[in-house]
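I sat down with this one to go through the contacts, the charged pairs, the cores and the backbone oddities. Here are my notes, in the order I looked things up.

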Amino acid sequence: MSETKSWGLLAQYENPHAIYKAAEKVRDAGYQQWDACTPFPVHGLDKAMGAPPSKLPWIVLACGLSGSALMLLFETWAMGEAYPMIVGGKPLFSLPAFVPVWYEFTVLASCVAAFLGNWILNGLPRPHHPAFASKAFERVTDDKFFILIEAADPQFDLEKTKALLNESGATLVEELEP
Amino acid sequence: MSHHEIKKPEDIVVPPSSFLAKLPMLGAILAVAGLGATLGSSFGEHKARTMFSYLFAFEAVLAIPLGALGWVLIAHTVRAGWDVVVRRQAETLVGSLPLFALLWIPIGFIGFHELYPWTHHEHIDAILAKKTWFLSTGFWYARAFVYLAAWTGLGLFIYRSSIKQDSLDEAGVEKQVHVVRKVSAGGIFLYGLTLSFAAVDWLMSLQPHWYSTIFGVYYFAASILAFFAFMILSTQALQAAGVMKQAITTEHFHDLGKLLFGYTVFWAYIAFSQFVLIWYANIPEETEFYLVRLSGGWEYLSYGLPIAHFFVPFLFLISRHIKRNRVALAAGAIWTLVLHFVDLYWLVMPNYGAHGGGHHEPHLSFTYTDFTAVLGVGGALLAVFGYLLTKNKAVAINDPRLGESLAHENY
């Protein structure tokens, strides 16, 4: 069977409008394992693709709160237990003095979580991808728009999927090797 | 991304039968009753207490159009597009700034001596003697004139330009947009300086020994926060009155909610920055401000404000779902607006009795003029705001960026 050899299909579109319409068609056909690649953010494309809400806010919240709690604990331990020192006649546990570092570390923990979470959720770093073999795909950073449907998708059928992509207004459909 | 043609909204005038059309009359009644009761009481034996109530109400309500002015100037300067459907409300608010030049008269000409201890010769000590060049009657009046003139001028310019746009052709609008942007860019400097100095002159000099270099920013933070809370509510009121029911979407409320959330954090950041430097240095001249606010009942407000004005709205507004829910967002806005009045009360009122020969310590005790003053000054603002809002179109329908605003989406 030819399906097993193929990684999936690559379809090229000429403009944001075309890929938006095509994404709606692929979404409505019930595909799950597919993606759209564009040279610039196409607003609303995530809705056209039926992408679920990102999990990133929850990761940021969890890391921000735990970072916040850890830093307050650390400051309390460092100033009160590990190296107790009176500064400016203030008590060992001086919340106002802790706040700047406490606050900044909460921000830092949230930002690092947002950055790393973004990478992990997007499967980065990813040095190679089957689409890189395609000559046409090089223009994804220039002026062309692409939809990739993976053969691993339960809906995937080489001929039917090819027909769907052709119908959706693709100017080029290519099969990708794994 | 929308592919259908976006139509300009047609429901852009407040219908005369709606409740909003009654706002000018309601505001005027509140203004007459509230200001009458407050100013009437200022001729009695409680003159000083009454004038503190009035100053508190004046500063708390003035913050709303002043916050609007700051935001409109920034929006025009950076050519903001998303906000066109709601910006006319802010421009209407700044159009009411001339009113505050009138409402300032009781502070300058009735309560001046009662409010500001540096006007008493017997209170001038070694520290104040060095400040008399700045805190002198003539100079103080001259500065007040400059602030009020600047706000009136900028406010009327922004308001009139916006209204005039409704009757201009395309070329005229384009020319005018550039003029407004240039004036706004310069206006930001004028705005920043006048707002800071006004906060120093009218609020900080209530306690003339005390100084805080961040105080102007604190008043700005309070202003813009109060303004966004007000505009979320007025936008919802407009829609309830049947105006721009389709044109103003969840996306616009989401952005207003983000700004409300952001400035909640900004207010807390500034308030804490002011506190921590004074707490750390522990210099008597500076700690005086917090010392009077840590006794006599004021400690409840001092500890309560960070919780109620920061932690509660911060945790409440942090979620995207809250900001996109109209009822929840309105609740957040009402909460913030109420806490804004508490914040200004906490700034102004402990100074009553803090000087004046040490007859009594300042205690947290409400009196009826606190409420009548807020109703009076607030009613006056609502009357003028309501009148200007119902008289004109509720949106700048010829704005070249209206389409961008109508199609606005958050991602």
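**Interface of chains A and B**

I started where the chains meet: 12 residues of chain B are in contact with 16 residues of chain A, contact being heavy atoms within 4.5 Å. Before going on, I noted that this is a predicted model, with local features needing pLDDT of at least 70 and side-chain atom pairs counting only at pLDDT 80 or more, while totals for chains, interfaces and linings use all residues. Residues are numbered from 1 along each chain as its sequence is written, chains are lettered from A and ligands numbered from 1 in the order in which they are written, and side-chain values use heavy atoms, with hydrogens and water left out.

The area buried between chain B and chain A comes to about 1,300 Å², and carbon and sulfur atoms give 70% of it. Buried area here is the accessible area (1.4 Å probe) that two parts lose on being put together, summed over both.

How many salt bridges are there between chain B and chain A? I get one, using a side-chain nitrogen of Lys or Arg within 4 Å of a carboxyl oxygen of Asp or Glu as the rule. The partners are B:Glu409 and A:Lys47, at 2.9 Å from N to O. On its side facing chain A, chain B puts nine nonpolar, two polar and one charged residues. For these classes, Ala, Val, Leu, Ile, Met, Phe, Trp, Tyr, Cys and Pro count as nonpolar, Asp, Glu, Lys and Arg as charged, and the others, Gly among them, as polar.

**Charged pairs**

Over all chains I find 16 salt bridges. In chain A, I looked at A:Asp28 with A:Arg27, whose closest N and O atoms are 3.1 Å apart. A:Asp28 counts as exposed because its relative accessibility is 58%, and A:Arg27 is partly exposed at 30%. The cut-offs are under 20% relative accessible area for buried, over 50% for exposed and partly exposed in between (1.4 Å probe, protein chains only).

In chain B, I checked B:Asp370 and B:Arg49, whose side chains form a salt bridge at 3.1 Å, N to O. This pair links distant parts of the chain, helix α16 (residues 368-391) and helix α2 (residues 47-77), 321 residues apart. Helices (H or I, at least four residues) and strands (E, at least two) are DSSP runs, numbered from the N terminus. Are B:Asp370 and B:Arg49 buried or exposed? Both are buried.

Next came B:Arg87 and B:Asp399, which meet in a salt bridge at 2.6 Å, N to O. They are 312 residues apart, B:Arg87 in helix α3 (residues 84-95) and B:Asp399 in the loop between α16 and α17 (402-406) of chain B. B:Arg87 is buried at 4%, and B:Asp399 is buried at 7%. These two also belong to a network of salt bridges that takes in B:Asp83, B:Arg88, B:Glu91 and B:Asp166.

**Cores**

I then looked at the nonpolar cores, meaning sets of buried Ala, Val, Leu, Ile, Met, Phe, Trp, Tyr and Cys residues joined through side-chain atoms within 4.5 Å. The largest has 122 residues, and B:Tyr116, B:Trp151, B:Trp202 and B:Trp267 have the most contacts inside it. Its largest share, 18 residues, comes from α2(B). Beyond its neighbours within four places in sequence, B:Tyr116 touches residues including B:Leu55, B:Trp140 and B:Trp202. A second, separate core has 24 residues, among them A:Ala18, A:Ala22, A:Ala48 and A:Leu165.

**Two buried polar residues**

B:Ser184 sits in helix α9 (residues 170-202) of chain B and is buried at 0% relative accessibility. Apart from neighbours within four places in sequence, B:Ser184 is in contact with B:Leu73, B:His76, B:Thr77 and B:Ile158.

B:Thr264 is in helix α11 (residues 250-281) of chain B and is buried at 1%. With the same neighbours within four places left aside, B:Thr264 has contacts including B:Leu225, B:His309 and B:Phe314.

**Backbone oddities**

What kind of peptide bond joins A:Leu124 and A:Pro125? I found a cis one, with omega about -5°. A:Pro125 is in the loop between α5 (95-121) and β3 (145-150) of chain A.

B:Met244 is not a glycine, yet its phi is positive, near 50°. B:Met244 lies in the loop between α10 (215-240) and α11 of chain B and is buried at 0%. B:Asn282 also has a positive phi, about 60°, and lies in the loop between α11 and α12 (284-292) of chain B.
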